[in-house]
Amino acid sequence: MADVIPFPSPSARPERSSEPTRTEDFLWWRDGVIYQIYPRSFMDSDGDGVGDLQGLIDRLDYLAGAPDSLGVDALWLSPIYPSPGHDFGYDISDYENIDPLFGSLEVFDALVKACHARGIRVVMDLVMNHTSHQHPWFLEARSSLDNPKRDWYLWQNAGPGGRAPNHWRAVFGGRAWEWDETSQQFYYHMFLKEQPDLNWRNPQVVARLHEMIRFWMKRGVDGFRLDVVNCYFKDEKLRANPFTPGLRPFDMQRHVYDRDRPELVGALQGLRRVTDEYPETMMVGEVMGHDAQLAARYVGNGHDQLHQAFNFTWLKLPWKPNPFLRAILDWEAALPPGAWPCHVLNNHDVDRFVTRAGGGCYADARAKVAATLLLTMRGTPYLYYGEELGLPNTPIPRGEIVDPPGKQYWPFYLGRDPARTPMPWDGSTYGGFSTAKPWLRLNKDVQTRNVAVQKADPTSIFNVYRHLLKLRRTSLALRRGMFRSLQRKPKQMLAYLRVHPQQTMLVLLNFSRRKATEQIDATLPEGHWRVRFSTHPGEHARLVGGRAILQPNEAVILEKVLSE
Ligand code: GLC
């Protein structure tokens with residue numbers, strides 16, 4: 001079928017294609033695509049089975065700057081600071097250094113330089129809700145009741161009969177209060193007991209954290225992902241969270257007093273003042289919870305809040321068009337005017353998309369449709385390493401589990417290891433990731449699912465991502481255009497427009513493994529549509545009399561052809 005599809009009626013007018021290129025006002029965190037690296041698992045250069053920064057430098061061509069690169073604009077690195085590793089880096093023992101496991105400050109500087117030379121921005125993960133229990137601040141704080149750093153953490157006397165101050169629970173299981181024998185008080189930890197929470201009400205703590213942020217900006221860091229940003233403040237009176245039904249004890253409390261406290265707004269303003277000292281520095285907040293309204297609270301259109309916040313709603317949705325459409329519209333409605341959304345299908349804390357969405361033998365086809373959804377959204381897309389290969393969860397036998405919650409707390413929970421396995425580069429021993437046995441096993445299908453195989457296959461998931469990234473980069477509509485749904489209650493497919501004054505794109509996504517025919521909005525602008533991308537080259541979508549017809553698991557992007 002022809003490449004130009006008339007809808008709803010053919011037009012005889014001459015056609016002109018709009019081909020906007022990367023514009024002057026390309027703002028990296030708004031217009032770009034951000035790629036999350038779990039450094040332990042990306043590339044090992046020194047043969048200890050754990051990924052490191054030199055390994056990442058060696059693989060930068062894969063990400064950007066070479067003709068066959070994936071083509072991302074920024075990297076977000078999960079924590080690489082010194083850490084005893086109880087939560088694999090999310091327990092920091094020195095904020096201004098690099099863990100020797102990953103390299104050194106010199107290697108880090110080399111990484112930033114190499115990234116910038118390729119036009120890649122660098123985002124660091126800032127874990128400021130808590131430190132490691134081995135951080136010198138905590139070691140000092142716990143040494144005695146009158147230590148000057150005592151108040152840097154959250155201490156409480158025992159209640160009657162030695163009881164904990166209240167019933168708050170820790171995310172990873174157990175209660176959130178740990179008894180400290182030495183100083184005879186409880187300290188608070190939202191996560192592991194090896195992760196004591198900092199006291200954000202203490203101005204010295206805040207000033208020291210600000211200083212630390214400047215330390216990294218001076219080294220060239222472009223942005224920060226703020227770990228569990230909505231947990232910084234807990235209720236001063238330690239009031240009890242109301243009960244709510246849930247599966248895990250942590251979920252059986254409505255977290256109204258141990259997070260999302262009003263004081264956070266002032267703290268974010270302070271952080272914003274500091275990051276604004278370096279133009280174009282971006283902050284994205286991890287907001288715990290699956291709630292668009294909540295995430296939207298912390299994103300600003302002015303200069304006093306976060307640039308972006310993660311809304312994790314997508315991560316719990318079934319692979320069905322209607323729930324996705326509702327989530328997209330809710331997110332758009334929740335954000336204050338002028339605020340910028342972001343979208344995510346994967347990260348290091350959740351089951352990988354292809355495993356969540358299922359689909360059996362259709363899993364790869366589904367991954368391509370999901371990629372098209374993510375990369376045609378209004379809002380910054382975040383990718384997670386391996387997503388571009390359709391990497392599934394890798395089951396980890398119980399004896400090999402290393403993630404703390406998987407290891408210790410819930411008998412049926414296998415933890416987050418399955419989504420953190422090494423990047424499969426090729427079919428050689430250890431997948432080209434390392435010369436030694438990796439810290440976690442590789443995906444079972446490493447022989448067929450790896451970078452080398454997918455790069456060579458023009459129809460691979462990798463090449464779909466690559467193509468979509470390129471299209472997004474050169475398309476004003478996909479980067480900046482308004483989102484307009486063409487459906488009320490989608491059944492099998494999503495149909496939406498991205499509308500920019502200079503370009504209009506139409507996106508059609510069949511979520512199902514059956515052929516789909518659905519009525520779409522009759523107000524679709526008249527004219528010709530040119531296919532810009534299709535998962536089914538040659539037999540792609542048809543638009544017939546107000547209906548879209550899609551092949552099973554087909555994704556297609558059409559551009560409105562401008563008439564003279
Ligand atoms: C965030 C991180 C997660 C970590 C937790 C505690 O949720 O994404 O990996 O375990 O914070 O820092």
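**Exercise 1. Place W319 in the predicted model and decide whether it is buried or exposed.**

Step 1: W319 sits in the loop that runs between β11 (308-310) and α9 (321-334). Keep in mind as you go that this whole model is predicted.

Step 2: Now check its accessibility. The relative accessible area of W319 is 10%, and buried means under 20%. So W319 is buried.

Step 3: Look for a partner further along the chain. G358 is 39 residues away from W319 in sequence, yet their C-alpha atoms are 8.4 Å apart in space.

**Exercise 2. Find out which residues come nearest to the ligand, and what the shell around it is made of.**

Step 1: Start with the list of neighbours. There are 14 residues around the ligand, and D87, D227, E286, H348 and D349 come nearest.

Step 2: Sort the shell by class. You get seven charged residues, three polar ones and four nonpolar ones.

Step 3: Ask what kind of space the ligand takes up. That space is the largest pocket.

**Exercise 3. Work out which side chains offer polar atoms to the ligand's oxygens, and how much of the ligand the protein buries.**

Step 1: Take E286. One of its polar side-chain atoms is 2.8 Å from a ligand oxygen.

Step 2: Move on to H348. Here a polar side-chain atom lies 2.9 Å from an oxygen atom of the ligand.

Step 3: Add H130, where an N or O atom of the side chain is 3.0 Å from an oxygen of the ligand.

Step 4: Finish with the surface. On its own, the ligand would expose 300 Å², and the protein buries 97% of that.

**Exercise 4. Walk along the loop between β4 and α4 and describe S83, D87 and F88.**

Step 1: Get your bearings. β4 covers 74-77 and α4 covers 105-117, and D87 is in the loop between them. S83 is in this loop, and so is F88.

Step 2: Begin with S83. Its relative accessibility is 17%, so it counts as buried. Its side chain reaches the backbone nitrogen of G85 at 2.8 Å.

Step 3: Go on to D87, one of the residues that come nearest to the ligand. With a relative accessibility of 5%, D87 counts as buried. Along the chain, D87 and P405 are 318 residues apart, but C-alpha to C-alpha the gap is 9.1 Å.

Step 4: End with F88. This residue has a positive phi of about 45 degrees even though it isn't a glycine. At 13% relative accessibility, F88 counts as buried.

**Exercise 5. Decide how E280 compares with the cut-offs for buried and exposed, and say what its phi angle looks like.**

Step 1: Find E280 in the loop between α7 (264-275) and β10 (282-286).

Step 2: Check the backbone. E280 isn't a glycine, but its phi is positive, at about 70 degrees.

Step 3: Now for the cut-offs: under 20% is buried, over 50% is exposed, and anything in between is partly exposed. E280 has a relative accessible area of 37%, so it is partly exposed.

**Exercise 6. Trace the polar contacts made by the side chain of T535.**

Step 1: Locate T535 in the loop between β18 (527-534) and β19 (542-544).

Step 2: Follow the side chain to H536. The two side chains are joined by a polar contact of 2.8 Å.

Step 3: Follow the side chain of T535 again, this time to the backbone nitrogen of A555, which it reaches at 2.8 Å.

Step 4: Check the accessibility, which is 18% in relative terms, so T535 counts as buried.

**Exercise 7. Describe A74 and F511, and give a C-alpha distance for each.**

Step 1: A74 is part of strand β4. Its relative accessible area is 0%, so A74 is buried.

Step 2: Pair A74 with H116. They are 42 residues apart in sequence, and their C-alpha atoms are 9.4 Å apart.

Step 3: Turn to F511, which is in the loop between β16 (503-510) and β17 (516-519). F511 counts as buried because its relative accessibility is 2%.

Step 4: Pair F511 with Q492. These residues are 19 positions apart along the chain, with 5.7 Å between their C-alpha atoms.

Conventions. Residues numbered from 1 in each chain as written. Predicted model: local features only at pLDDT ≥ 70, side-chain atom pairs only at ≥ 80, totals over all residues. Heavy atoms only, no water. Near = heavy atom within 4 Å. Polar contact = N/O pair within 3.5 Å; in protein donor to acceptor, adjacent residues only side chain to side chain. Areas by Shrake-Rupley, 256 points an atom, 1.4 Å probe, with all protein chains shown as cover. 1 Å grid on protein atoms, 1.4 Å probe; cavity = no way out; pocket = protein on both sides within 12 Å on 5 of 7 lines; lining within 4 Å. Sits in = over half its atoms within 2 Å of the grid points. Nonpolar A, V, L, I, M, F, W, Y, C, P; charged D, E, K, R; others polar. Helix = DSSP H or I, 4+ residues; strand = E, 2+ residues; numbered from the N terminus. Buried < 20%, exposed > 50% of the residue type's maximum accessible area, 1.4 Å probe, protein only.
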